[in-house]
Amino acid sequence: MTDRTSEYFLQHDGYCPVCENEVRFVSQAKWLRDSFKCPKCSSIPRQRALMKVIVDYFPGWRGLHIHEGSPGFDNLSSRLARECAKYTASQYNPKLDFGRVYEYNHPSRTYSNENLESQSFQDSSFDIVITQDVFEHVFNPEKAIREIARTLKPNGATIMTVPIVMKTQPSRRRASLIEGSVNHLIEPPQYHGNPIDGNGALVTIDWGYDIVSYLQHHSGLSFLMIQIDNIDLGIRAELIEVLIGFKRPIASL
Ligand SMILES: [Zn+2]
(Lines give C-alpha, C1' and ligand atoms only; values in the text may rest on other atoms or scores of the structure.)
Protein backbone atom coordinates (compact mmCIF):
# COMPACT_ATOMS: atom_id res chain seq x y z
CA MET A 1 0.00 0.00 0.00
CA THR A 2 1.31 3.43 -0.91
CA ASP A 3 2.16 5.80 1.92
CA ARG A 4 0.02 8.83 1.20
CA THR A 5 1.05 10.71 4.36
CA SER A 6 3.20 13.22 2.48
CA GLU A 7 0.33 14.08 0.15
CA TYR A 8 -2.06 14.95 2.95
CA PHE A 9 -3.14 18.55 2.93
CA LEU A 10 -5.69 20.49 4.91
CA GLN A 11 -6.51 24.14 4.83
CA HIS A 12 -9.34 26.09 6.36
CA ASP A 13 -10.20 29.76 6.66
CA GLY A 14 -10.94 30.70 10.23
CA TYR A 15 -10.05 32.77 13.29
CA CYS A 16 -6.98 32.18 15.43
CA PRO A 17 -7.65 32.54 19.19
CA VAL A 18 -3.92 32.97 19.89
CA CYS A 19 -3.17 35.95 17.62
CA GLU A 20 -6.80 37.05 17.06
CA ASN A 21 -6.48 37.24 13.27
CA GLU A 22 -8.61 35.93 10.41
CA VAL A 23 -6.26 33.39 8.87
CA ARG A 24 -6.03 30.38 6.59
CA PHE A 25 -4.90 27.45 8.75
CA VAL A 26 -2.74 25.03 6.79
CA SER A 27 -1.32 21.56 7.37
CA GLN A 28 0.87 19.66 4.96
CA ALA A 29 1.10 16.61 7.19
CA LYS A 30 -1.47 14.22 8.57
CA TRP A 31 -0.30 14.65 12.20
CA LEU A 32 -2.27 17.85 12.81
CA ARG A 33 -1.11 18.20 16.43
CA ASP A 34 2.26 19.56 15.29
CA SER A 35 1.60 20.72 11.76
CA PHE A 36 -1.83 22.43 11.55
CA LYS A 37 -0.42 25.91 12.01
CA CYS A 38 -1.60 29.48 12.00
CA PRO A 39 0.37 31.29 9.28
CA LYS A 40 0.51 34.50 11.34
CA CYS A 41 1.59 33.25 14.79
CA SER A 42 2.65 29.63 14.10
CA SER A 43 0.35 28.39 16.86
CA ILE A 44 -0.68 24.74 16.84
CA PRO A 45 -4.09 23.25 17.76
CA ARG A 46 -3.41 22.58 21.46
CA GLN A 47 -2.30 26.19 21.96
CA ARG A 48 -5.46 27.50 20.31
CA ALA A 49 -7.54 25.14 22.47
CA LEU A 50 -5.72 26.34 25.61
CA MET A 51 -6.20 30.01 24.71
CA LYS A 52 -9.90 29.44 24.04
CA VAL A 53 -10.31 27.83 27.48
CA ILE A 54 -8.42 30.69 29.17
CA VAL A 55 -10.62 33.30 27.47
CA ASP A 56 -13.86 31.33 28.00
CA TYR A 57 -13.34 30.80 31.74
CA PHE A 58 -11.29 33.90 32.59
CA PRO A 59 -12.23 36.70 30.14
CA GLY A 60 -10.47 39.17 32.44
CA TRP A 61 -7.17 37.23 32.31
CA ARG A 62 -5.13 40.34 31.47
CA GLY A 63 -5.77 41.75 34.94
CA LEU A 64 -5.18 38.50 36.82
CA HIS A 65 -2.06 37.08 38.41
CA ILE A 66 -0.91 34.27 36.15
CA HIS A 67 1.90 31.81 36.83
CA GLU A 68 3.06 29.78 33.85
CA GLY A 69 5.33 26.85 34.60
CA SER A 70 8.02 26.20 31.99
CA PRO A 71 6.64 28.49 29.24
CA GLY A 72 8.10 28.03 25.79
CA PHE A 73 8.90 30.79 23.33
CA ASP A 74 5.65 30.20 21.43
CA ASN A 75 3.24 33.01 20.70
CA LEU A 76 0.72 31.94 23.32
CA SER A 77 3.20 32.26 26.21
CA SER A 78 4.64 35.41 24.65
CA ARG A 79 1.22 36.99 24.40
CA LEU A 80 0.32 36.13 27.98
CA ALA A 81 3.64 37.61 29.13
CA ARG A 82 3.17 40.78 27.06
CA GLU A 83 -0.50 41.47 27.80
CA CYS A 84 -0.85 40.29 31.39
CA ALA A 85 0.81 42.77 33.76
CA LYS A 86 0.98 40.21 36.58
CA TYR A 87 2.46 37.32 34.59
CA THR A 88 5.10 35.24 36.38
CA ALA A 89 7.16 32.65 34.52
CA SER A 90 9.01 29.82 36.20
CA GLN A 91 11.54 27.40 34.76
CA TYR A 92 13.13 24.29 36.23
CA ASN A 93 16.91 24.56 36.17
CA PRO A 94 18.55 22.25 38.73
CA LYS A 95 21.94 23.85 38.01
CA LEU A 96 20.79 27.18 39.50
CA ASP A 97 19.40 28.17 42.90
CA PHE A 98 15.72 27.44 43.38
CA GLY A 99 13.51 30.30 44.53
CA ARG A 100 15.69 32.91 42.82
CA VAL A 101 14.71 35.13 39.89
CA TYR A 102 16.87 35.06 36.74
CA GLU A 103 16.77 37.16 33.57
CA TYR A 104 16.36 35.55 30.18
CA ASN A 105 15.38 36.30 26.62
CA HIS A 106 11.60 35.81 26.89
CA PRO A 107 8.85 38.47 26.77
CA SER A 108 8.46 37.81 30.52
CA ARG A 109 12.12 39.04 30.84
CA THR A 110 12.62 37.04 34.03
CA TYR A 111 11.74 33.68 35.47
CA SER A 112 11.69 32.29 38.96
CA ASN A 113 13.71 29.08 39.17
CA GLU A 114 11.24 26.60 40.63
CA ASN A 115 10.81 22.93 41.23
CA LEU A 116 7.05 22.59 40.59
CA GLU A 117 6.94 19.88 43.27
CA SER A 118 8.29 22.26 45.93
CA GLN A 119 7.65 25.90 45.01
CA SER A 120 8.92 29.04 46.75
CA PHE A 121 5.69 30.96 46.05
CA GLN A 122 3.46 31.84 48.97
CA ASP A 123 0.01 30.32 49.49
CA SER A 124 -2.83 31.92 47.46
CA SER A 125 -0.51 33.82 45.11
CA PHE A 126 -2.10 33.21 41.71
CA ASP A 127 -5.48 33.39 39.97
CA ILE A 128 -4.38 31.06 37.17
CA VAL A 129 -1.53 28.54 36.95
CA ILE A 130 -0.81 27.39 33.39
CA THR A 131 1.30 24.46 32.27
CA GLN A 132 1.64 23.36 28.66
CA ASP A 133 2.67 19.73 28.26
CA VAL A 134 4.58 19.69 31.56
CA PHE A 135 2.81 17.01 33.61
CA GLU A 136 4.10 14.14 31.49
CA HIS A 137 7.62 15.17 32.59
CA VAL A 138 7.38 15.46 36.37
CA PHE A 139 8.51 12.61 38.63
CA ASN A 140 6.02 13.34 41.43
CA PRO A 141 2.85 14.71 39.83
CA GLU A 142 0.95 14.37 43.11
CA LYS A 143 3.35 16.85 44.71
CA ALA A 144 3.28 19.21 41.72
CA ILE A 145 -0.50 19.44 41.64
CA ARG A 146 -0.67 19.84 45.43
CA GLU A 147 1.78 22.74 45.19
CA ILE A 148 -0.20 24.31 42.36
CA ALA A 149 -3.38 24.05 44.45
CA ARG A 150 -1.59 25.62 47.44
CA THR A 151 -0.42 28.61 45.39
CA LEU A 152 -3.86 29.23 43.83
CA LYS A 153 -6.15 31.89 45.27
CA PRO A 154 -9.71 30.84 46.18
CA ASN A 155 -11.76 30.70 42.94
CA GLY A 156 -8.56 30.44 40.94
CA ALA A 157 -7.80 27.58 38.58
CA THR A 158 -5.00 25.66 36.99
CA ILE A 159 -5.31 25.23 33.23
CA MET A 160 -3.09 22.72 31.52
CA THR A 161 -2.50 20.70 28.41
CA VAL A 162 -1.14 17.17 28.74
CA PRO A 163 -1.00 14.58 25.95
CA ILE A 164 -3.35 11.85 27.17
CA VAL A 165 -1.71 9.17 25.08
CA MET A 166 -3.22 6.18 26.93
CA LYS A 167 -6.77 7.52 26.46
CA THR A 168 -9.13 4.98 28.14
CA GLN A 169 -6.24 2.76 29.31
CA PRO A 170 -4.81 3.37 32.81
CA SER A 171 -1.97 5.84 33.16
CA ARG A 172 1.46 4.20 33.39
CA ARG A 173 4.84 5.33 34.64
CA ARG A 174 7.74 5.35 32.16
CA ALA A 175 10.47 6.55 34.51
CA SER A 176 10.95 7.10 38.24
CA LEU A 177 13.59 8.75 40.39
CA ILE A 178 15.31 6.48 42.94
CA GLU A 179 17.80 8.23 45.25
CA GLY A 180 18.51 10.82 42.57
CA SER A 181 18.98 8.33 39.72
CA VAL A 182 16.53 7.89 36.87
CA ASN A 183 15.06 4.40 36.62
CA HIS A 184 13.59 3.67 33.18
CA LEU A 185 10.61 1.33 33.43
CA ILE A 186 9.71 1.43 29.74
CA GLU A 187 12.36 1.38 27.02
CA PRO A 188 13.34 3.25 25.01
CA PRO A 189 13.16 6.53 26.99
CA GLN A 190 11.13 9.27 25.31
CA TYR A 191 12.10 12.94 25.26
CA HIS A 192 10.16 16.06 24.26
CA GLY A 193 11.45 19.57 23.53
CA ASN A 194 12.53 21.59 26.58
CA PRO A 195 12.54 25.42 26.44
CA ILE A 196 15.74 25.72 28.47
CA ASP A 197 17.56 22.44 27.80
CA GLY A 198 18.57 21.26 24.33
CA ASN A 199 18.76 17.67 25.56
CA GLY A 200 14.97 17.64 25.90
CA ALA A 201 12.71 16.62 28.76
CA LEU A 202 12.26 12.97 29.72
CA VAL A 203 8.70 11.63 29.58
CA THR A 204 7.99 10.16 33.02
CA ILE A 205 4.31 9.22 32.67
CA ASP A 206 2.00 8.13 29.87
CA TRP A 207 -1.32 9.57 31.03
CA GLY A 208 -4.79 8.18 30.45
CA TYR A 209 -8.13 9.88 31.06
CA ASP A 210 -7.79 8.75 34.69
CA ILE A 211 -5.51 11.80 35.08
CA VAL A 212 -8.68 13.75 35.94
CA SER A 213 -9.45 11.73 39.09
CA TYR A 214 -5.73 11.46 39.93
CA LEU A 215 -5.19 15.23 39.93
CA GLN A 216 -8.49 15.84 41.71
CA HIS A 217 -7.66 13.31 44.44
CA HIS A 218 -4.19 14.73 45.15
CA SER A 219 -5.08 18.43 45.01
CA GLY A 220 -8.66 18.86 46.19
CA LEU A 221 -9.28 20.91 43.04
CA SER A 222 -12.39 20.18 40.93
CA PHE A 223 -11.20 19.09 37.50
CA LEU A 224 -12.86 19.16 34.10
CA MET A 225 -11.39 17.71 30.93
CA ILE A 226 -12.30 19.77 27.89
CA GLN A 227 -12.11 18.38 24.37
CA ILE A 228 -12.61 20.94 21.63
CA ASP A 229 -13.06 20.28 17.93
CA ASN A 230 -13.75 23.56 16.17
CA ILE A 231 -12.25 23.79 12.71
CA ASP A 232 -13.22 27.47 12.43
CA LEU A 233 -10.82 28.16 15.31
CA GLY A 234 -8.18 25.84 13.87
CA ILE A 235 -8.75 23.44 16.76
CA ARG A 236 -8.63 19.96 15.29
CA ALA A 237 -6.07 17.33 16.23
CA GLU A 238 -5.45 14.37 18.50
CA LEU A 239 -4.15 14.78 22.05
CA ILE A 240 -5.27 18.38 22.58
CA GLU A 241 -7.39 17.93 25.70
CA VAL A 242 -7.31 20.86 28.12
CA LEU A 243 -7.67 20.21 31.85
CA ILE A 244 -8.97 22.85 34.20
CA GLY A 245 -8.92 22.44 37.98
CA PHE A 246 -10.89 24.96 40.06
CA LYS A 247 -10.15 25.95 43.63
CA ARG A 248 -13.75 26.49 44.59
CA PRO A 249 -15.05 26.80 48.11
CA ILE A 250 -17.36 23.99 49.18
CA ALA A 251 -20.93 25.15 49.73
CA SER A 252 -21.84 25.57 53.38
CA LEU A 253 -25.44 24.36 53.67
ZN1 LIG B 1 -2.50 32.88 15.06
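## Notes on this predicted model

1. Let's start with one tyrosine. Y111 is buried, at 7% relative accessible area (buried is under 20%, exposed over 50%, partly exposed in between, with a 1.4 Å probe and protein chains only). Bear in mind that this is a predicted model, where local features need pLDDT of at least 70 and side-chain atom pairs pLDDT 80 or more, while totals for chains, interfaces and linings use all residues. Residues count from 1 along each chain as its sequence is written, and side-chain values use heavy atoms, without hydrogens or water.

2. Who keeps Y111 company? F73, Y102, Y104 and Y111 form one aromatic cluster. The structure has 8 aromatic pairs (Phe, Tyr or Trp rings, the six-membered one for Trp, with centres within 6.5 Å; planes under 30 degrees apart are stacked, over 60 edge-to-face, the rest tilted). Take Y104 and Y111: their ring centres are 4.7 Å apart and their planes meet at 70 degrees, so this pair is edge-to-face. Y104 is buried too, with a relative accessible area of 16%.

3. Next, the metal. Which residues hold the zinc ion? Its coordinating atoms are the SG atoms of C16, C19, C38 and C41, at 2.3 Å (donors are N, O and S atoms within 2.8 Å of the metal, or 3.2 Å for Na, K and Ca; with water left out, sites may look incomplete). Along the chain, these donors follow the spacing C-x2-C-x18-C-x2-C.

4. Why call the zinc site tetrahedral? The angles between its 4 donor atoms run from 107 to 114 degrees, which makes the arrangement tetrahedral (all angles between 85 and 135 degrees). Two of its cysteines are worth checking for exposure: C16 is buried at 0% relative accessible area, whereas C19, at 21%, counts as partly exposed.

5. Now find helix 4, residues 141-151 (helices, H or I with at least four residues, and strands, E with at least two, are DSSP runs numbered from the N terminus). Is helix 4 enclosed by the rest of the structure or open? Of its 11 residues, 8 are buried, so helix 4 is largely enclosed. The buried ones are P141, E142, A144, I145, E147, I148, A149 and T151. Their cover includes strands 7, 8, 9, 14 and 15, along with helix 5.

6. I148 is a good residue to click on in helix 4. I148 is buried, at 0% relative accessibility. Setting aside neighbours within four places in sequence, I148 is in contact with Q119, V129, F135 and T158 (contact means heavy atoms within 4.5 Å). For a sense of scale, R24 is 124 residues from I148 along the chain, and their C-alpha atoms are 37 Å apart.

7. Helix 5 spans residues 211-219, and I211, V212, L215 and S219 are buried in it. They cover an arc of only 105 degrees around the axis, which puts them on the same side of helix 5 (the arc is that of the directions from the helix axis to the C-beta atoms). What do these buried residues pack against? Their partners are helix 4, strand 8 (152-161), strand 15 (222-226) and strand 16 (242-246). Right after helix 5 comes G220, with a positive phi near 80 degrees.

8. Helix 2, residues 45-57, is where you'll find L50. L50 counts as buried, with a relative accessibility of 0%. Apart from neighbours within four places in sequence, L50 is in contact with L76, I130, Q132, I159, T161 and V242. H184, on the other hand, sits 31 Å from L50, C-alpha to C-alpha, and the two are 134 residues apart in sequence.

9. Finally, some backbone details to look up. The peptide bond from E187 to P188 is cis, with omega near -5 degrees. P188 lies in the loop between strand 11 (181-184) and strand 12 (191-192). D133 isn't a glycine, yet its phi is positive, near 50 degrees. You'll find D133 in the loop between strand 7 (126-132) and helix 4, and D133 is buried, at 13% relative accessible area. N155 is another non-glycine with a positive phi, about 70 degrees, and N155 is in strand 8.

Technical notes:
Four donors count as tetrahedral if all angles lie between 85 and 135 degrees; four count as square planar and six as octahedral if opposite donors are over 155 degrees apart and all others between 65 and 115; anything else is irregular.
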